[in-house]
Amino acid sequence: MADTTFKLTYATMFNPPEELHTRFEKVLAEVKGNLGREHGMIINGEERFAEEKFEDHSPVNTDMVLGVFQKGTASDAGEAIAAARKAFPLWSNMKWQDRVSLVRKAADLIDQRTFEIGAVMALEVGKNRMEALGDVAETADLIRYSCYQMEKNEGYYVEMGSDPLVGYTAKNISVLRPYGVWLVISPFNFPAALTGGPSGAALVAGNTIVMKPATDTPWVVRLLAECFRDAGLPDGVFNFVTGPGSTLGQALIDNPDVDGVTFTGSFDVGMGIFRDFAKGPYVRPTILELGGKNPTIVSQHADVERAAIGIVRSAFGLQGQKCSACSRVLIEEPLYDTLLDRVVELTNKLVVGDPTDREVYMGPVINKSSYQDFLDFTEDLSQAGTFLTGGKTLTEGDYGKGYFCMPTIVADVPLDHRLWKHEMFLPITTVTKVGSMDEAMQIANEVNYGLTAGFYGSPQEVDWFYKNIQAGVTYANRPHGATTGAWPGFQPFGGWKGSGSSGKNAGGHYYLPLYMHEQIQTLIA
Ligand code: NDP
């Protein structure tokens with residue numbers, strides 16, 4: 001980008017330079033001229049085609065076939081794992097500096113293809129253009145963050161003390177070493193960042209990988225796989241397979257030759273993977289990044305404008321399909337009416353439509369099943385509470401071919417209603433009045449999840465919020481997003497309780513060591 005003063009992040013994306021729009025539109029036209037092609041899997045550096053295929057349709061317009069992909073089988077899963085196993089000795093024994101340089105090259109290639117991958121993502125996920133470009137930029141930054149950590153920690157090679165032996169000298173080294181074959185399974189909503197981030201970490205650490213994307217988003221991940229391939233990683237170091245989670249994904253999980261897994265997705269699928277992966281011969285590292293039911297607490301001392309903007313951005317960015325989406329808003333009574341008036345006013349200004357259009361903030365939801373969920377949940381909520389806005393799908397004209405839902409805010413839903421605790425993963429937010437901050441905190445924490453949380457209030461209240469909230473990523477008084485918008489190196493991302501298994505956040509200080517086990521090397525001279 002010519003404007004070198006602009007760094008694209010989720011928190012800066014609201015005022016991009018004009019050139020960004022021009023380039024996006026140019027590349028989008030090229031991508032649209034290239035739809036419907038068949039794409040292979042990549043196993044051991046080679047294109048691999050399966051007998052059965054599946055079509056990848058755009059949620060913006062389901063008549064649009066973006067590409068044709070391979071319905072990989074259990075046998076493909078086995079071959080991908082075998083290829084990764086074969087490549088492990090070479091890759092893990094390579095100097096870490098050389099691995100870093102190859103992986104960094106992949107990040108550079110992703111940067112070079114940002115607009116292409118972003119345009120594909122807008123069509124494949126239904127992300128607006130800035131969110132889509134942000135996801136790609138985040139991917140490169142996540143990968144680079146792992147490279148940076150490896151360098152900063154000098155390969156995790158640490159000289160320990162020398163034990164006081166009489167007549168001998170001991171040299172003790174602690175070194176972190178890779179596990180072996182690492183499996184990366186990613187969700188549809190951040191197909192680039194949540195494939196590239198864990199893959200980058202696993203690779204820098206010296207593991208070889210097998211990656212499987214969501215069935216709704218194989219194209220973005222295929223492009224990412226090409227960046228890793230074209231960076232010059234030896235054959236078999238990364239392998240890319242496509243196909244249903246229930247068959248191909250399950251075969252990968254059930255294969256005893258996998259040494260570790262990073263799964264990002266829903267709580268239910270993640271817990272199933274956790275249990276199945278535990279059936280192996282011994283305990284293997286299982287990094288699970290799962291769902292959220294993220295609250296925003298607003299005290300009577302809050303800045304109404306900041307709170308309103310932050311809530312709307314986080315509730316409806318990517319149609320509420322972010323693990324970090326603000327899906328519950330708890331407002332102290334004196335500010336309740338004023339804040340909600342403003343939240344509704346801002347929500348009604350959001351443009352829903354083709355996410356590749358510049359002015360559109362909300363695209364469609366991902367697929368038919370999510371669309372049906374929207375219909376079911378709004379039906380349920382119409383009985384239980386009051387819609388302040390939304391509650392409907394959009395079916396007229398151009399909307400009719402995609403999965404478009406209106407941003408929806410619901411009040412007066414009894415707190416014991418199941419949807420206060422269930423991750424809907426849609427543009428639906430429930431709001432309630434609270435009598436005190438303690439009551440708000442109790443409600444906020446009374447869920448299985450603990451991913452992100454937002455707070456608006458006085459500086460004196462902020463410490464109380466940090467101390468009491470059960471969440472891995474917290475934001476106070478932030479208009480750029482109440483609960484969303486983390487960036488590697490700034491806000492490492494991960495969850496507590498049912499939102500994550502490791503207790504360490506991606507894109508942060510403690511992430512890379514999760515991909516290695518420690519070895520102590522004692523030599524007596
Ligand atoms: P899913 O859990 O439905 O799917 C995630 C991935 O798992 C997909 O690739 C899916 O493949 C695969 N999968 C499904 N079943 C199995 C199986 N039995 N064995 C192996 N793999 C399987 O999640 P979504 O894609 O719908 O993503 C949304 C969810 O992800 C939300 O709950 C969201 O909160 C969470 N998420 C969490 C994040 C975090 O950092 N904590 C970040 C982003 C999202 P297929 O598509 O083929 O079914």
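## A walk through the pockets, cores and strands

Helices α5 and α10 (304-316) each supply at least two residues of the lining of the second largest pocket. That is a good place to start a tour of this structure, which is a predicted model.

### Two pockets

Of those two helices, α10 deserves a second look, since the largest share of the lining of the second largest pocket, three residues, comes from α10. The volume of this pocket is about 470 Å³. It has 18 lining residues, and the closest to its centre are F14, R313, L350, E359 and Y361.

Now turn to the largest pocket, which holds about 1100 Å³ of space. Its lining counts 43 residues, with F188, F263, G265, S266 and V269 the closest to the centre. Four elements, α8 (245-254), β11 (260-264), α9 (267-277) and α12 (368-384), each supply at least two residues of this lining. Which of the elements gives the largest share of the lining of the largest pocket? The answer is α9, with six residues.

The table sets out what kinds of residues line each pocket.

| Pocket | Nonpolar | Polar | Charged |
|---|---|---|---|
| Largest pocket | 18 residues | 18 residues | seven residues |
| Second largest pocket | eleven residues | two residues | five residues |

### Nonpolar cores

Next, look at the nonpolar cores. The largest nonpolar core has 80 residues, and F228 and F238 are those with the most contacts inside it. Helix α5 (residues 129-152) provides the largest share of this core, ten residues. You have already met α5 as a helix that supplies at least two residues of the lining of the second largest pocket.

What does F228 contact, leaving aside its neighbours within four places in sequence? Its partners are A106, I143, G196, S199, G200, L203, M211, L233 and F238. Apart from this core lies another one, of 30 residues, including A308, I311, L346 and M362.

### Strands side by side

Strand β21 (residues 452-456) is mostly covered, with five of its five residues buried. In a regular strand, side chains alternate between the two faces of the sheet. For β21, both faces are covered: T452, G454 and Y456 on one side, and A453 and F455 on the other, are all buried.

Strand β21 also has partners to pair with. Strand β13 (residues 294-298) and β21 run parallel and are joined by three bridges. Here V298 stands opposite Y456 in β21. Strand β22 (residues 473-476) also runs parallel to β21, and four bridges join them. If you want to find this pairing on screen, look for T452, whose bridge partner in β22 is V473.

Another strand to find is β19 (residues 428-434), which is mostly covered, with six of its seven residues buried. It pairs with β14 in the parallel sense over five bridges, and V431 in β19 is the bridge partner of V329. Strand β18 (residues 408-411) is joined to β19 by three bridges, and these strands run parallel. In that pairing, V410 has T430 in β19 as its bridge partner.

### Residues in the loops

Finally, let us visit some loops. E154 has a positive phi of about 45° although it is not a glycine. You will find E154 in the loop between α5 and β6 (157-159). Is E154 buried or exposed? Since exposed means over 50% relative accessible area, E154 counts as exposed because its relative accessibility is 56%.

L318 is another residue other than glycine with a positive phi, near 50°. L318 sits in the loop between α10 and β14 (326-332). Buried means under 20% relative accessible area, so L318, at 1%, is buried.

V60 is found in the loop between β4 (53-57) and β5 (65-70). With a relative accessible area of 8%, V60 is buried as well. Which residues does V60 touch, not counting residues up to four places away in sequence? They are A122, L123, G126, D354, P355, P364, K401, G402 and F404. As for M271, V60 and M271 are 211 residues apart in sequence and 31 Å apart in space, C-alpha to C-alpha.

Methods. Residues are numbered from 1 along each chain as its sequence is written. This is a predicted model: local features need pLDDT of at least 70, side-chain atom pairs count only at pLDDT 80 or more; totals for chains, interfaces and linings use all residues. Side-chain values use heavy atoms; hydrogens and water are left out. A nonpolar core is a set of buried Ala, Val, Leu, Ile, Met, Phe, Trp, Tyr and Cys residues joined through side-chain atoms within 4.5 Å. Buried means under 20% relative accessible area, exposed over 50%, partly exposed in between (1.4 Å probe, protein chains only). Contact means heavy atoms within 4.5 Å. On a 1 Å grid over the protein atoms alone, a cavity is a set of points where a 1.4 Å probe fits but cannot get out, and a pocket is an open set with protein on both sides within 12 Å along at least five of seven lines; lining residues have an atom within 4 Å of a point. Grid points are joined across faces, edges and corners, and a volume is the space filled by probe spheres set on the points. Ala, Val, Leu, Ile, Met, Phe, Trp, Tyr, Cys and Pro count as nonpolar, Asp, Glu, Lys and Arg as charged, and the others, Gly among them, as polar. Two strands pair if DSSP finds at least two bridges between them.
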